[in-house]
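Please read the points below with the sequence and the model open beside you. They are meant for someone who has not looked at this structure before.

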Amino acid sequence: MPLSRRGFLTAGTAAAAALALTSAPAHALTTRPFGRYGSPARRLTPGTLYVDPYGRGDFTTVRAAVTAATGSGRTLVIAPGRYRETVAVDAGRTEMTWIGASENPRDVVIVYDNAAGTPKPGGGTYGTTGSATTTVQADGFTARWITFANDWLRADHPDISGTQAVALKAQGDRSAFLHCRFLGHQDTLYADSTALGLFARQYYAHCYVEGDVDFVFGRATAVYEHCHFRTLNRTDPAAAPYGFVFAPSTAAANPRGYLVTGSRVSSGAPDAFYKLARPWVPSSDPTARPMLTVRDTRLGPGIDAAAPYTDMSAAHPWQDQRFAEYRNTGPGAVVTVPENRPQLTAVQAASETRTAWLGDWTPWEEC
């Protein structure tokens, strides 16, 4: 992401505990690390692979399992553990499914700590995209009960100005994340596509996402349903705002950007210290028209109700973008300055639904 996104930040942040990471749970040592999902001795399907950090599966790392899972339609069953590694699912590994075997996302944690400004071996830095702990480019990817995390902390690296640190970058069409967690600070969840002209559909249901600056961002056509977004407290900024929940970068030709429905936004920061969103018009697509609809969602007191939106760049004011709300509740949703809170009519809202966003793809039936 462009350097202008870094200007808000200074060194120093909350303790690592804010990421709510857990160590490998005690039941990781039970005799059934894969729960009801079989084992190497009795596979669910011939294409199922088993991952366990204690050596009871086919592989001890997720990365090794992905490397072995060539072709389409492979399943990874992942035993409880903390997998400290980076993982990439390339475009050729389509229709892949990852299952957290305990069916509790706190038990299966994939985490690393690269930031955009982290030096790379051989020179240069990772950049925002390269900082991602997990990158998924393949179409038809599904993850259930997994935590994706980036535990890089500003306070530990005061010499680094590129503080974007992505937990997950999802780019494929028909990408579904069910009962997952996404933990980080800046740029936690990068919901994007593989190319400007491709409209990647993504679905996030019953998920938890936390962060501070632009921590849900990108150009995907994405639905967030029954999700919990939590803004983190900070000690480094001198004043509000501490950050921004959403930063969509929807292509102008794409009629659907981000849809948030039936969800909630809470905060660990002082009241009104966060903005709900700001539009990201990247240098790679100066014609972007970011789109965000937030409807039927509870906005807690952490959101600045009087001015929930702000500009990322004066050249692209938020009022020129496609931001709208409908029937939200909570102290952060109170309309005190009507011109700062564009609202849908009931007629307009009837077409702002998950079906309109996702078309003939119905991933909610798998929840």
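The numbered points that follow go from confidence to the sheet, the cores, the aromatic pairs and a few single residues.

1. The model is a predicted one, and its confidence should be considered before any detail is discussed. The mean pLDDT of the chain is 93, with 92% of the residues at 70 or more. Residues 1-18 are to be treated separately, since pLDDT stays under 50 there, although the model has 49 contacts beyond four places in sequence for this stretch. Where pLDDT is low, the predicted coordinates should not be read in detail.

2. The sheet to trace is an open one of eight strands, paired in parallel and ordered S3-S6-S9-S12-S15-S18-S21-S24. Strand S3 (81-84) and S24 stand at its edges with a single partner strand each, so that one side of each has no neighbour in the sheet. S21 and S24 run parallel and are joined by two bridges, and arginine 264 stands opposite arginine 298 in S24.

3. Nonpolar side chains in soluble globular proteins tend to be buried together. Here the largest nonpolar core has 65 residues, of which Trp98, Phe148, Phe177, Tyr204, Tyr224 and Phe229 touch the most other members. A second core, separate from this one, is made of 11 residues, including Leu259, Met291, Trp361 and Trp364. One aromatic cluster can also be picked out, and its members are Trp98, Phe141, Phe148, Phe177, Phe182, Tyr204, Tyr224, Phe229, Phe246 and Tyr258.

4. How many aromatic pairs does the structure hold? The count is 22, and one of them is the edge-to-face pair of tyrosine 242 and phenylalanine 273, whose centres are 4.8 Å apart and whose planes are at 85 degrees. This pair links distant parts of the chain, 31 residues apart, with tyrosine 242 in the loop between strand S18 (228-231) and strand S19 (243-248), and phenylalanine 273 in the loop between strand S21 (264-267) and strand S22 (274-277). Tyrosine 242 is buried because its relative accessible area is 9%, under the 20% limit, whereas phenylalanine 273, at 24%, is partly exposed.

5. The pair of tyrosine 309 and phenylalanine 323 has a tilted geometry, because the ring planes stand at 45 degrees, with the centres 5.2 Å apart. Tyrosine 309 belongs to the loop between strand S24 (298-299) and strand S25 (322-326), while phenylalanine 323 is in strand S25, so the pair ties together parts that lie 14 residues apart in sequence. Tyrosine 309 counts as buried at 5% relative accessibility, and phenylalanine 323 is buried with a relative accessible area of 6%.

6. Two arginines should be viewed together with aromatic rings. The charged end of arginine 278 sits over the ring of phenylalanine 244, at 4.0 Å from the ring centre, and arginine 354 lies over the face of tryptophan 364, 4.1 Å from the centre of that ring.

7. Most residues other than glycine have a negative phi, and most peptide bonds are trans. Against that background, tryptophan 145 has a positive phi of about 60 degrees; this residue lies in the loop between strand S8 (142-144) and strand S9 (147-150) and counts as buried at 14% relative accessibility. Histidine 179 likewise has a positive phi, of about 55 degrees, and is placed in the loop between strand S11 (175-178) and strand S12 (181-183), where it counts as partly exposed at 28% relative accessibility. A cis peptide bond, with omega about 0 degrees, joins alanine 240 and proline 241, and proline 241 is in the loop between S18 and S19.

8. Two buried residues repay a closer look. Threonine 133, in the loop between helix H2 (127-130) and strand S7 (134-136), has 0% relative accessibility and counts as buried; beyond four places in sequence, the residues that threonine 133 touches include Glu85, Tyr112, Asn150 and Val166. Leucine 292, in strand S23 (residues 291-295), is also buried, with a relative accessible area of 0%. The C-alpha atoms of leucine 292 and glycine 257 are separated by 5.9 Å, although these residues are 35 apart along the chain. Among the residues that leucine 292 touches beyond four places in sequence are Phe246, Tyr258, Arg322 and Phe323.

Technical notes: Residues numbered from 1 in each chain as written. Predicted model: local features only at pLDDT ≥ 70, side-chain atom pairs only at ≥ 80, totals over all residues. Heavy atoms only, no water. Core = buried A, V, L, I, M, F, W, Y, C linked by side-chain atoms within 4.5 Å. Buried < 20%, exposed > 50% of the residue type's maximum accessible area, 1.4 Å probe, protein only. Phe/Tyr/Trp six-rings, centres within 6.5 Å; stacked < 30°, edge-to-face > 60°. Helix = DSSP H or I, 4+ residues; strand = E, 2+ residues; numbered from the N terminus. Lys NZ or Arg CZ within 6 Å of the ring centre and 35° of its normal. pLDDT = per-residue confidence, 0-100. Contact = heavy atoms within 4.5 Å. Pairing = 2+ DSSP bridges.
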